[in-house]
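Hello,

Here is the structure I promised to pass on. Please have a look, and my notes follow underneath.

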Amino acid sequence: MGKLRAAQYACSLLGHALQRHGASPELQKQIRQLEGHLSLGRKLLRLGNSADALESAKRAVHLSDVVLRFCITVSHLNRALYFACDNVLWAGKSGLAPHVDQEKWAQRSFRYYLFSLIMNLSRDAYEIRLLMEQESSAGSRRMKGSGGGGVPGGIELGGPGGPGTPGGGLPQLALKLRLRVLLLARVLRGHPPLLLDVVRNACDLFIPLDKLGLWRCGPGVVGLCGLVSSILSILTLICPWLRLK
């Protein structure tokens, strides 16, 4: 499935590149047809995914963390609805239901896909916040244990830009922001599955945003983001430890 998706978005990116460089209309038509066949094949392989997504939602209901329970359950429910709409689209394109309004069902499908991705990114943001708090607390304990002052990372808060110094508000804010960015980078570097999930969901987000007309990025950006996301998905299949648990 991941390879088909990668091939589909590679065709989308290739078609955009050929159009920009003035390739022959016949070649562009062949690439578009290949992309359409790959899309239809993916829809066929996803016929049973709605039931799988509902089962995943039922399992997520029992999570102890309220935020994770909400984000993951709602994400799976939206994925189930997205796959259901996708099944209707497949029936229309394959000729089983020729009177299906393709545009209407495609818009519904992408709306559910967008909601699912928003929930995934919300879950990622929550996980990052928890890990940053844990890392910050661990750093504070290490500093206290070593008898040192200042803040984790070896950056001191005292001096001319300290909170008690006139005009020190802006430098203090810049220092705090720098510390947060460094902490975020440390957390993501130490948790590759979370980093991959963030990048993959962020790339996927451009697809429904473009298709729904909320943020037009063009077929080139959509093809590139879809290809990157697909490669990362394949990577998590090859290396299961990179999949976010």
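How many disulfides does the structure hold? The answer is zero. Please keep in mind that this is a predicted model. Two of the cysteines show how the count comes out. A disulfide needs sulfur atoms within 2.5 Å. For C11, the closest cysteine sulfur belongs to C225 and is 17 Å away, so the gap is too far for a bond. For C239, the closest cysteine sulfur is the one in C203, at 18 Å, which is again too far for a bond. The surroundings of C11 and C239 are worth a look as well: C11 is buried, with a relative accessible area of 9%, while C239 is partly exposed at 22%.

Next, the aromatic rings. Searching the whole structure turns up three aromatic pairs. One of them joins Y82 and Y113: the ring centres are 4.9 Å apart and the planes meet at 20 degrees, so this pair counts as stacked, the cut-off being under 30 degrees. The Y82–Y113 pair links distant parts of the chain, since Y82 lies in helix 4 (residues 66–93) and Y113 in helix 5 (residues 102–145), with their positions 31 residues apart. Both partners are buried: Y82 has a relative accessible area of 11%, and Y113 has 10%. Together with F83, the residues Y82 and Y113 form one aromatic cluster.

Another pair is made by F206 and W215, with 5.5 Å from centre to centre and 45 degrees between the planes, which makes it tilted. Here the partners are partly exposed, F206 at 24% relative accessibility and W215 at 48%.

There is also a charge over a ring for you to find: the charged end of R108 sits over the ring of W105, at 4.6 Å from its centre.

Finally, the surface. L195, V199, L224 and V228 make a nonpolar patch of about 270 Å². Helix 7 (192–211) and helix 8 (218–238) are the elements that give two or more residues to this patch. V199 has its place in helix 7 and is partly exposed, at 34% relative accessibility.

If you open the model, you could begin with Y82 and Y113 in their cluster with F83, then turn to the patch made by L195, V199, L224 and V228.

Best wishes

Methods: Residues are numbered from 1 along each chain as its sequence is written. This is a predicted model: local features need pLDDT of at least 70, side-chain atom pairs count only at pLDDT 80 or more; totals for chains, interfaces and linings use all residues. Side-chain values use heavy atoms; hydrogens and water are left out. Rings of Phe, Tyr and Trp (its six-membered ring) pair if their centres lie within 6.5 Å; planes under 30 degrees apart count as stacked, over 60 as edge-to-face and the rest as tilted. Helices (H or I, at least four residues) and strands (E, at least two) are DSSP runs, numbered from the N terminus. Buried means under 20% relative accessible area, exposed over 50%, partly exposed in between (1.4 Å probe, protein chains only). A charge sits over a ring if NZ of Lys or CZ of Arg is within 6 Å of the ring centre and within 35 degrees of the ring normal. Patches are made of residues with over 30% relative accessible area and no salt bridge: like charges are joined within 9 Å, nonpolar side chains (Val, Leu, Ile, Met, Phe, Trp, Tyr) within 5 Å. Accessible areas come from the Shrake-Rupley method with a 1.4 Å probe; for residues, only the protein chains shown count as cover. A salt bridge is a side-chain nitrogen of Lys or Arg within 4 Å of a carboxyl oxygen of Asp or Glu.
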